[in-house]
Amino acid sequence: MSKASILVVDDEPAVLKVLVTRLQLAGYQVHQATNGEEALEAFHRESPDLIVLDVMLPKMDGFAVCRRIRAESVVPIIFLTALEAISERVAGLDLGADDYLSKPFSPKELEARIATILRRMGPSITVTETKEVPSGKGVMKFGNLVVDTNRRQVSRAGERISLTYTEFSLLELLFDEPGKVVPRAEILEQLWGYPPRRAADLRVVDVYVARLRGKLEPDPRNPELILTVRGIGYASQRVGEKATSLAS
């Protein structure tokens with residue numbers, strides 16, 4: 001089986017050369033672009049399995065590129081950023097990026113992050129639309145919300161809800177044992193493949209929980225499906241229960 005294809009976007013020639021060389025040696029099919037417009041062209045032409053995207057790009061910055069791609073695809077995106085402000089990194093995650101690395105970074109760490117995301121994706125799944133999803137193994141129903149872990153699909157009242165690979169993996173982790181509290185550090189390690197080195201790293205988890213709530217909860221400010229356990233982490237609601245025992 002051939003390795004995944006990766007699109008690397010960076011306007012620094014030295015960085016681009018190192019990344020392309022390292023990823024090719026790791027066995028990936030690598031495509032490259034040096035600005036935002038080229039990135040979009042390469043994305044549509046090559047249909048990569050994952051994108052490594054620098055934030056500071058000429059013609060169109062990485063945030064704008066991510067926004068355009070997310071309008072039509074859930075392909076995993078890892079941001080490379082020289083921005084130090086946590087708010088800037090959170091902004092990238094809010095747009096739908098799956099992870100970020102701060103420059104300067106270790107190419108070995110990037111390779112590990114890529115491997116973690118691609119492993120989480122698993123084999124490609126052909127999605128087929130169904131009007132009625134039967135209950136059974138891998139299918140959970142919460143009122144009119146249906147979560148099908150077999151097809152990695154979520155729908156409400158028959159309407160599909162688009163989730164990225166990371167969003168669905170987070171949903172799957174939280175609902176694996178409804179009612180169980182999952183610490184934020186554990187979520188970070190299981191989904192992103194690295195332990196929190198500082199408190200700011202846990203913001204990745206908070207941003208993704210907020211994104212999930214925005215897509216799944218009727219009222220994201222008063223969540224009923226994904227509950228906050230203050231000072232610890234998050235828990236999914238048990239079917240048929242009300243959010244009374246956990247702080248939200």
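This is a walk through some salt bridges and one helix packing contact in the structure above. Keep in mind as you read that the model is predicted.

Let's begin with the charged side chains. The count of salt bridges in this model comes to 15. A good one to find on your screen is the pair K103 and D10, whose side chains meet with N and O 2.9 Å apart. In sequence these two partners are 93 residues apart, so to speak at two separate addresses: K103 sits in the loop between β5 (99–102) and α5 (107–121), while D10 sits in the loop between β1 (5–9) and α1 (13–25). Are K103 and D10 buried or exposed? K103 has a relative accessible area of 14% and counts as buried, because the cut-off for buried is under 20%. D10 is buried as well, with a value of 0%. The pair also belongs to a wider set, since D10, E12, D54 and K103 are linked in a network of salt bridges.

Now move along to R113, which has two partners worth a look. One of them is D99, and here the side chains form a salt bridge with 3.1 Å from N to O. R113 belongs to helix α5 and D99 to strand β5, so this bridge ties together parts that are 14 residues apart in sequence. R113 is buried, at 6% relative accessibility, and D99 is buried too, at 1%.

The other partner is E109, whose closest O atom is 2.7 Å from the closest N atom of R113 in a salt bridge. This time both residues lie in helix α5, four residues apart, or about one turn of the helix. With a relative accessible area of 25%, E109 is partly exposed, whereas R113 is buried.

Finally, let's turn to a pair of helices. Two packed helices are described by the angle between their axes and the distance between the axes. How do these look for α7 (residues 184–192) and α8 (residues 203–216), and at what angle do they cross? Their axes come within 9 Å and cross at roughly 85°, which makes α7 roughly perpendicular to α8. If you zoom in on the contact, you will find R184, I187, L188 and W192 on the α7 side, meeting V204, V205, D206 and Y208 from α8. By residue type, this contact contains six nonpolar residues, two charged ones and no polar ones.

How values were computed: Residues are numbered from 1 along each chain as its sequence is written. This is a predicted model: local features need pLDDT of at least 70, side-chain atom pairs count only at pLDDT 80 or more; totals for chains, interfaces and linings use all residues. Side-chain values use heavy atoms; hydrogens and water are left out. A salt bridge is a side-chain nitrogen of Lys or Arg within 4 Å of a carboxyl oxygen of Asp or Glu. Buried means under 20% relative accessible area, exposed over 50%, partly exposed in between (1.4 Å probe, protein chains only). Axes are lines fitted to C-alpha atoms, for helices over the stretch in contact, and angles run from 0 to 180 degrees between N-to-C directions. Angles under 35 degrees count as roughly parallel, over 145 as roughly antiparallel, 65 to 115 as roughly perpendicular and the rest as oblique. Contact means heavy atoms within 4.5 Å. Ala, Val, Leu, Ile, Met, Phe, Trp, Tyr, Cys and Pro count as nonpolar, Asp, Glu, Lys and Arg as charged, and the others, Gly among them, as polar.
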